[in-house]
Amino acid sequence: MGILATKPWFRVNKTMDSIAKKWRHLSGQNNWEGLLDPLDIDLRRYIIHYGEMAQATYDTFNSEKASRFAGSSRYAKKDFFSKVGIDIGNPFKYHVTKYLYATSKIQVPDGFIIKSLSREAWSKESNWMGYVAVATDEGKAVLGRRDIVIAWRGTVQTLEWVNDFEFNLVSASKILGEAGGEPKVHQGWYSIYTSDDPLSSFSKTSARDQVLGEVRRLVEEFKNEEISITLTGHSLGAAVATLNAVDIVANGLNQGCPVTAVVFASPRVGDSNFLKLFSGLKNLRVLRVRNASDIIPNYPLLGYSDVGEELGVDTRKSKYLKSPGNLSTWHNLEAHLHGVAGTQGSRGGFRLEVNREIALVNKSIDALNDEYLVPVSWRCEKNKGMVQQVDGSWKLMDHEEDDLVF
């Protein structure tokens, strides 16, 4: 059997009109009441859309340690969405306005911060951590408002970091205040979000200061329009996105506009006081998409509280995937999006309600049944970025110049 011929996961006319009209409900105005089980068809598409924005952070990230650009984005801001493959046929149009860079003052696993082996590395201290994008005029018409998206990159290696990581809580009152008690969050998420390094060209200011500065600028630029702020991320990126969302609203940077985090495979972020702070903030919503067998949302085990609403999926029920799967396939973001496309909730079973290309599941893992004839981990740079020169020699050229100036 060959690969399935599938159609885009959206239908441009009717579906897009529906999303534009009810975007506030899809962004959680009523905490997604009546939309999660059974999962509303427009909400499926909405979640997949933001999931693809998160997946883009993986698809552009250079994790090749032999490259001097390890830890950076392969692609420049211009044509970013085209390069990561989510522009063609996609009515949700955005352009990237800023790249985000992070460092950490505490030791974190290699899966968080990748360091180049080159003595001429673009940065010894920082990693590319995500981006800020804003809907174009065309995108605004389809989305129903001017949407500002903040996408945070997750971990890029295996899940071994879970066993080696210390899940210590630290106070976040310095950035979030102490309304209702002192909120505490995981020290790793907090360090990546708030650390700066005066020696770094890219992290002279923290990821927090970078993103909040861009949010201020965009909210001011579009102050006469209806706007929203939507955050997304997977794994580590989901945790940072949640912390970032709370930070934006707690400090009033949203100026009253709705702030929604749509996150995938998220570990827990903070303690009961963090939950208390979250619950008391207006115009803030979090939707956590969780795959039934994924272990990461169970961590940290003690002293932490979940925030927001949860949408459960179970990719073990998909006839398209190898059974039962493994830790990597259960945690994978593309697998989560496949689960969103086909979950039947409490009714049980699995059926693709939106025609999302199943080949995407095998982008970086071996999950699809062999009968579909899709190569394993098929997404890679041609020749891993090696380019033949006019004299016949080969040179590693795996980076588009953008923010990097030497």
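Which residue's side chain meets that of Glu 334 in a salt bridge?

1. The partner is Arg 356, whose side chain meets that of Glu 334 in a salt bridge at 3.0 Å, N to O. This, like everything that follows, is read from a predicted model. Glu 334 lies in helix 13 (residues 333-342) and Arg 356 in the loop between helix 13 and strand 10 (386-388), so the pair ties together parts that are 22 residues apart in sequence. Both partners are on the buried side of the count, Glu 334 with a relative accessible area of 2% and Arg 356 at 3% relative accessibility.

2. The pair belongs to a wider arrangement, since salt bridges that share partners join Glu 52, Asp 59, Glu 334, Arg 356, Lys 363 and Arg 379 into one network. As background, side chains of opposite charge can pair when their charged atoms come close. The structure holds 28 salt bridges, and two further examples are taken up below.

3. In one of these, the side chains of Lys 22 and Asp 40 meet at 3.3 Å, N to O. Lys 22 lies in the loop between helix 1 (14-21) and helix 2 (23-26), while Asp 40 lies in the loop between helix 2 and helix 3 (41-60), so this salt bridge ties together parts that are 18 residues apart in sequence. Lys 22 counts as partly exposed at 22% relative accessibility, whereas Asp 40, at 17%, counts as buried.

4. In the other, Arg 316 and Asp 314 meet through their side chains in a salt bridge of 2.9 Å, N to O. Arg 316 is partly exposed, with a relative accessible area of 42%, but Asp 314 counts as buried at 16% relative accessibility.

5. The backbone also deserves a careful look, given that most residues other than glycine have a negative phi, and most peptide bonds are trans. The peptide bond from Asp 37 to Pro 38 is cis, with omega near 0 degrees, and Pro 38 lies in the loop between helix 2 and helix 3. Another cis peptide bond joins Tyr 299 and Pro 300, with omega about -15 degrees; Pro 300 is placed in the loop between strand 8 (284-291) and strand 9 (309-313).

6. Positive phi values appear at two residues that a reader may wish to locate. Asp 79, although not a glycine, has a positive phi of about 65 degrees; this residue is found in the loop between helix 3 and helix 4 (80-83) and counts as partly exposed at 47% relative accessibility. Asn 383, also not a glycine, has a positive phi of about 55 degrees, sits in the loop between helix 13 and strand 10, and counts as partly exposed at 43% relative accessibility.

Key
Residues numbered from 1 in each chain as written. Predicted model: local features only at pLDDT ≥ 70, side-chain atom pairs only at ≥ 80, totals over all residues. Heavy atoms only, no water. Salt bridge = Lys/Arg side-chain N within 4 Å of Asp/Glu carboxyl O. Helix = DSSP H or I, 4+ residues; strand = E, 2+ residues; numbered from the N terminus. Buried < 20%, exposed > 50% of the residue type's maximum accessible area, 1.4 Å probe, protein only.
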